[in-house]
Amino acid sequence: MNVALPKGRLGEQVYSLLERAGYPCPSIREENRKLVFENQSAGVRYFWVKPSDVAIYVERAAADIGIAGRDILLEYRPEVYELADLGMGRCRMCVAGRKGTRESRDQTLRVATKFPNIAKRYYSAQSRDIDIIKLHGSIELAPLLGLSDVIVDIVETGKTLLENDLEIRNTIVPISARLIANKVSYKFKHEEITRLCQQVDLLCSKP
Ligand code: PRP
């Protein structure tokens, strides 16, 4: 099974879970810049992938399964199966703005975000005209410098908002990491994928 892991802290947490679930690959813990790690006896090959790219690898069958944040799944709506909520990487997608300011309903709202599709759907459900400003990081800067009126972004601890004098206006959706599978792999590697999923579910449901 080819498994796309998101690089970073979440990926390391997920790998520990998979290790405990019976899919170890000790070489992955070695300090190096390798991206592919294989353990033939456990039947797994892991790849480190940029978190926002995991769904693409799985959708296009470069990986059979992967772990992607619900934010990415909602933004790109990839053609994959969502098999389990791993309960890790919990955060929420929020609208935030500068403390002490209010959004005027009469003007087009300028929204800075890394998630234009989520933002568009959210505001279109409210029949609100918006101007999307797509950024790739440090979204919180946009309202501070007058580039946007609000942001639509991930809030985890709330520290970034707090330290930049911003506040949450609305929570759009809760986010957590999901185990996803390629649709064809799910059919042809059904037994392996289902077994992995069951092992992971067992560990996730333990307190
Ligand atoms: C994310 C997100 C917020 C921050 C929220 O950014 O876009 O900026 O984390 O976390 P907090 O609520 O715990 O402060 P990330 O760290 O991915 O960096 P980025 O600004 O480059 O997108």
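The ligand occupies the largest pocket of this predicted model. A pocket here is an open set of points on a 1 Å grid over the protein atoms alone, with protein on both sides within 12 Å along at least five of seven lines; a molecule sits in one if more than half of its atoms lie within 2 Å of its grid points. Local features need pLDDT of at least 70 and side-chain atom pairs 80 or more, whereas totals for chains, interfaces and linings use all residues. Residues are numbered from 1 along each chain, and side-chain values use heavy atoms, without hydrogens and water.

The shell around the ligand, taken as residues with a heavy atom within 4 Å, includes Lys 114, Gly 137, Asp 153 and Thr 160. Strand β9 (150–155) and helix α6 (159–163) are the elements that give two or more residues to this shell, and β9 provides the largest share, three residues. By class, the shell holds two nonpolar, five polar and five charged residues, with Gly counted as polar and Asp, Glu, Lys and Arg as charged.

Polar contacts (N or O atoms within 3.5 Å) are made by ligand oxygen atoms. One such oxygen lies 2.6 Å from a side-chain N or O atom of Glu 140; polar backbone atoms are reached at 2.8 Å in Ser 138 and at 2.8 Å in Glu 156. Taken alone, the ligand exposes 500 Å², of which the protein buries 65%, by the Shrake-Rupley method with a 1.4 Å probe.

Elsewhere, there are three aromatic pairs, with ring centres within 6.5 Å. Tyr 15 and Tyr 46 pair edge-to-face (planes over 60 degrees apart), at 5.4 Å and 90°. Because Tyr 15 belongs to helix α1 and Tyr 46 to strand β3, this pair ties together parts 31 residues apart in sequence.

Note on methods: A polar contact is a pair of N or O atoms within 3.5 Å; within protein, one must be able to donate a hydrogen and the other to accept it, and residues adjacent in sequence count only if both atoms are side-chain atoms. On a 1 Å grid over the protein atoms alone, a cavity is a set of points where a 1.4 Å probe fits but cannot get out, and a pocket is an open set with protein on both sides within 12 Å along at least five of seven lines; lining residues have an atom within 4 Å of a point. Helices (H or I, at least four residues) and strands (E, at least two) are DSSP runs, numbered from the N terminus. Rings of Phe, Tyr and Trp (its six-membered ring) pair if their centres lie within 6.5 Å; planes under 30 degrees apart count as stacked, over 60 as edge-to-face and the rest as tilted.
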